[in-house]
Amino acid sequence: MPEEAGGLADLGALPLTTKDELRATVTPENPVGAHLCAAREEIVRIYSTSGTTGAPSYIPLTAGDLDNWVTGSARSYAASGIRRGQHIVSTYNAGPFVAGAALGSFDRLGLTHIPVGTGNTERLVKAIGALRPEAAVLTPSYAAYLAENFDLRESSVERVLVAGEPGGGEPAFRATLEEGWGAKVTEAMGIGDIGVSLWGECEEQDGMHLGARGFVHAELIEPETGAARELQDGAEGELVLTHLRHRAAPLFRFRTRDHVVVRTSPCPCGRTGPRIRCVGRTDDMLIVRGVNVFPAAVREVVSAFAPAVSGNILVKPGAPGVKQEPPLPVAVELARDASLDQSLAAAIADRLREILVVRARVELVPWGTLRRSEYKSQLVERDA
Ligand SMILES: [Zn+2]
């Protein structure tokens with residue numbers, strides 16, 4: 001009985017689950033892993049994760065699980081202020097990935113959904129012009145790429161809903177997106193093994209509310225030791241999630257590798273419960289002489305130098321692994337018409353030291369040097 005185990009308040013005393021542990025239990029007979037709990041004929045869908053950190057893994061769902069995913073996702077997207085009768089253009093491929101389940105939530109909300117898919121910018125821009133959607137859903141990288149290459153300020157899009165990678169909630173980066181689109185930007189976030197768009201930001205733009213409340217329980221841990229941290233205002237740490245109703249492949253205290261900051265102060269929108277902002281993936285984190293540095297946080301500091309910079313950066317760690325010696329090499333791309341100004345490099349390095357407490361070697365590179373992405377940006381590059 002759950003009561004005998006102590007309930008949710010005592011979860012912190014129990015072991016964590018990692019992605020590697022799940023992978024280790026995969027066998028030819030059981031391609032999902034030991035956490036598979038439903039009979040084969042009960043499963044209505046099997047998604048795959050994109051396998052950015054290894055072989056793809058399979059995410060099975062029962063009909064009830066899928067319905068819960070869509071409900072949570074619908075709540076998260078509804079928080080953005082989008083409403084019944086509006087048109088939304090999406091740039092996710094339904095395909096094999098869990099993002100496909102988020103698309104089901106648009107029907108649930110009574111939106112007119114215009115799927116355009118990934119990697120077809122011309123088709124997307126045409127659809128926006130012809131069908132005049134009020135909203136667009138895409139990754140923050142792609143939103144930035146489009147704003148850089150097209151004039152969207154006069155387009156019909158009033159709301160840009162970003163998801164799929166961290167960054168959409170960083171104030172300076174978000175301001176650039178909002179300026180480029182002439183639209184309000186809110187973000188959403190999920191994680192394949194637990195659920196799609198679990199979290200969604202409201203119009204207050206002060207962190208993402210847990211749309212999957214009641215389906216998923218959230219905790220915070222100290223990433224190095226795994227020790228539980230109180231979910232209180234301003235707390236920071238790795239997000240750990242537990243399924244409350246999932247049946248096909250339920251997970252208990254799953255380490256998401258997402259590093260978040262928690263807000264618990266009352267939100268003017270009226271939604272209760274904590275909200276979060278994702279600072280970065282624990283996997284992307286570098287430790288520069290004892291200081292944790294997330295590449296997305298570097299981009300945020302650099303973005304504040306717009307319009308002199310394009311907002312594209314690339315961190316180039318000098319040593320393999322997480323631990324780095326200063327100065328940390330950072331390439332910063334200049335804006336389209338900016339000329340090379342060495343005092344700018346020094347000013348950026350000063351600001352990085354001031355805000356992130358990291359000594360960086362800033363190299364300014366001409367506009368167009370750093371690779372753009374139509375999906376997720378790579379902010380770190382290591383020598384092969
Ligand atoms: Zn709110």
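Reading along the chain of this predicted model, the residues that donate to the zinc ion follow the spacing C-x6-H-x57-C-x1-C. Two of these donors, His209 and Cys269, bring distant parts of the chain together, since they sit 60 residues apart. His209 belongs to strand β9 (residues 208–210), while Cys269 is found in the loop that runs between β13 (254–263) and β14 (275–281).

Up close, the zinc ion is held by the SG atoms of Cys202, Cys267 and Cys269 together with NE2 of His209, at 2.1 to 2.3 Å. The angles between the four donor atoms come to 104 to 113°, so the arrangement counts as tetrahedral. The donors His209 and Cys269 differ in how much surface they show. With a relative accessible area of 4%, His209 is buried, whereas Cys269 reaches 30% and is partly exposed.

The strands around this site tie into one another. β9 runs antiparallel to β14, and two bridges join them. Here the zinc donor His209 stands opposite Arg275 of β14. On top of that, β14 pairs with β13, again in the antiparallel sense, over six bridges. In that pairing Asp258 has Arg281 of β14 as its bridge partner. As for β14 itself, six of its seven residues are buried, so the strand is largely enclosed by the rest of the structure.

One of the residues in the neighbourhood of Arg281 is Pro166, which touches Arg281 along with Pro140, Cys278, Gly280 and Arg299, leaving aside residues up to four places away in sequence. Pro166 itself lies in the loop between β6 (159–162) and α7 (171–181). Its C-alpha atom is 20 Å from that of Glu333, a residue 167 places away along the chain.

Glu333 leads on to another part of the fold, because strand β19 covers residues 328–334. Three strands make up an open sheet here, in the order β17-β19-β20, with mixed pairing. β17 (309–315) and β20 (360–365) are the edge strands; each has a single partner, so one side of each is left without a neighbour in the sheet. From one strand to the next, the twist averages 25°. β19 and β20 pair in the parallel sense over six bridges, and within this part of the sheet Ala331 stands opposite Glu363 of β20. Packed on the sheet is helix α8 (residues 295–303), which touches β17 and β19. The direction of α8 makes about 150° with that of β17.

Finally, the cysteines. With a disulfide taken as two cysteine sulfur atoms within 2.5 Å, the count comes to zero. Cys278, one of the residues touched by Pro166, is in no disulfide, and the nearest cysteine sulfur, that of Cys202, is 17 Å away. Cys278 is buried, at a relative accessible area of 5%. Cys37, by contrast, is exposed, at 52%. Cys202, for its part, is one of the residues that coordinate the zinc ion.

Conventions: Residues are numbered from 1 along each chain as its sequence is written. This is a predicted model: local features need pLDDT of at least 70, side-chain atom pairs count only at pLDDT 80 or more; totals for chains, interfaces and linings use all residues. Side-chain values use heavy atoms; hydrogens and water are left out. Donors are N, O and S atoms within 2.8 Å of the metal (3.2 Å for Na, K and Ca); water is not among the atoms, so sites may look incomplete. Four donors count as tetrahedral if all angles lie between 85 and 135 degrees; four count as square planar and six as octahedral if opposite donors are over 155 degrees apart and all others between 65 and 115; anything else is irregular. Helices (H or I, at least four residues) and strands (E, at least two) are DSSP runs, numbered from the N terminus. Buried means under 20% relative accessible area, exposed over 50%, partly exposed in between (1.4 Å probe, protein chains only). Two strands pair if DSSP finds at least two bridges between them. Contact means heavy atoms within 4.5 Å. Axes are lines fitted to C-alpha atoms, for helices over the stretch in contact, and angles run from 0 to 180 degrees between N-to-C directions.
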